[in-house]
Amino acid sequence: TSSPTRRPCSPLTPADPTIDNGCNTAGEWGDVHLLAFDNVKYDCQARCEAIYMVDSGPLSFQLQVRMAPCGDAGVSCATALVATENGASVVQYDAAAGGQTLIDGVDLENQPSPTNVSISRSTNAINIEFASGVTLDVTHRTSGQYMNMHAIVPFTYFGNTSGLLGTPNGIDDDLRTRDGRNYSSDQVGEFGSQLEYDACRTWCTTASESLFTYSNGEDHSTYDRSNDNVVYTPPIELPDDTVTFCNGEPTCILDLLATNSTEMAEDSKEFVETFVSSPTAAPTISAGPTAAPSAVPTPAPSQLPSAAPTISPPPSSFPSAAPTSAPTRTPCTPLTEADPSINNGCNTAGEWGDVHVLGFDNVKYDCQARCEALYMVDSGPTSFQLQVRMSPCGEEPGVSCATALVATENGASVVQYDAGAGGQTLIDGIDLENQ
């Protein structure tokens, strides 16, 4: 995934000119689909009041969301939220109660508007903005009694949050359990998985953690069904009319099949088009006469492992720990004179072992392909390309190692280096020793 989705940020208080005043975004929609801060998408079918965001910094922001059963297939929908930050009122919004809004436990209809948080309401929507700049845009359907939420968080929270919406840090680590195990986006199933469910329910609150105010006869246990196993598995053969109605969009398909609600499916399709798809879409790479698919869904494991997947430690020349800011930079010394109008730093990446990959934004994953693969292709004017050959290696069946590479850019020679041939180097197809 790319770095956190950004939009201009307009907090209630004046911006600090010494920091980036952009915002990171996240959200939830449907039954329940999550877009975390670093564009990681996954499903959460927990039935509980869960921690969506908690800030470890001085602002102490907290966001909790109630997820309850909805639809015919036992899936969950978000029905209410509660949020606060240091020095601000506790704001609770309940879509299942027709949009009832409580301020510090008292109905907003029965008191003046708070001065330490900005609230704007319409029939089926609410906008909540805290002094730090955190903004929650929420819409709900009175017929379905569920809500969709778009969260906007200023750059001051970069690297400081945890919860179901992850951590805005430019790293693919947002699907994480409360005890610190994290899973990359390539372990997420297209239509949800047991791994996602088991990971997300670790964020269910205890009674002492809950910020919610309850009606008479209710308490935290009324909504705590965190032991329910409610993973929904769609049919192998998807109905043609469902796929057509949703234009192939997975969360819309899942919502329509699981809830039989065209209203929810339409909402999901609109939410994805507005907040999810276009801002972070990856460029496509041509693969000969037929375009390669932009993504290949990877089946997720059937159950949560006892520990996070291990990755062999990289060489000392690669970063060994996740950065706390945007992509890793080192001083860059190009062959040509630096352009003083641009940042002349460099981003780093690499591969090692059998085959472990470190992406530019410190995303680490394994690739056991046996082929000559595109490691990097530039869609800009330099037309740089890097391809790497991966071949079987070692005694363990099925693993691969990188054995050769070839690289070029616009106007430059084609350089090939073959470790499998003792380090033979070809320039434009001719051995370097002979030219």
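A salt bridge here is a side-chain nitrogen of Lys or Arg within 4 Å of a carboxyl oxygen of Asp or Glu. The side chains of Arg176 and Asp173 satisfy that definition, with an N to O distance of 3.1 Å. The model is a predicted one, and under the same rule its salt bridges number 9.

The two partners in the Arg176 and Asp173 pair can be placed by their accessibility. Arg176 has a relative accessible area of 28% and is therefore partly exposed. Asp173, at 9%, counts as buried, because the cut-off for a buried residue is under 20%.

A second pair brings together Arg389 and Asp418, whose closest N and O atoms lie 3.7 Å apart. This contact links distant parts of the chain: Arg389 belongs to strand β26 (residues 385-392) and Asp418 to strand β28 (residues 415-418), with the two positions 29 residues apart in numbering. Arg389 is partly exposed, at a relative accessible area of 29%, while Asp418 is buried, at 12%.

Next comes a pair in which the arginine is covered. Asp94 and Arg66 meet through their side chains in a salt bridge of 3.8 Å, N to O. Here too the contact joins distant parts of the chain, with Asp94 in strand β8 (residues 91-94) and Arg66 in strand β6 (residues 62-69), 28 residues apart. Why do Asp94 and Arg66 count as buried? Asp94 has a relative accessibility of 12% and Arg66 a relative accessible area of 3%, so each value falls under the 20% limit.

Asp94 and Arg66 also take part in a network. Salt bridges with shared partners connect Glu49, Arg66 and Asp94 into one group.

The last element to consider is helix α4, which spans residues 250-259. Is this helix mostly covered or mostly open? It is mostly covered, since 8 of its 10 residues are buried. The buried set consists of Thr251, Cys252, Ile253, Leu254, Asp255, Leu256, Ala258 and Thr259. In an α-helix there are 3.6 residues a turn, so residues three or four places apart point the same way. Just after α4, Asn260 adopts a positive phi of about 60 degrees.

Definitions and conventions:
Residues are numbered from 1 along each chain as its sequence is written. This is a predicted model: local features need pLDDT of at least 70, side-chain atom pairs count only at pLDDT 80 or more; totals for chains, interfaces and linings use all residues. Side-chain values use heavy atoms; hydrogens and water are left out. Buried means under 20% relative accessible area, exposed over 50%, partly exposed in between (1.4 Å probe, protein chains only). Helices (H or I, at least four residues) and strands (E, at least two) are DSSP runs, numbered from the N terminus.
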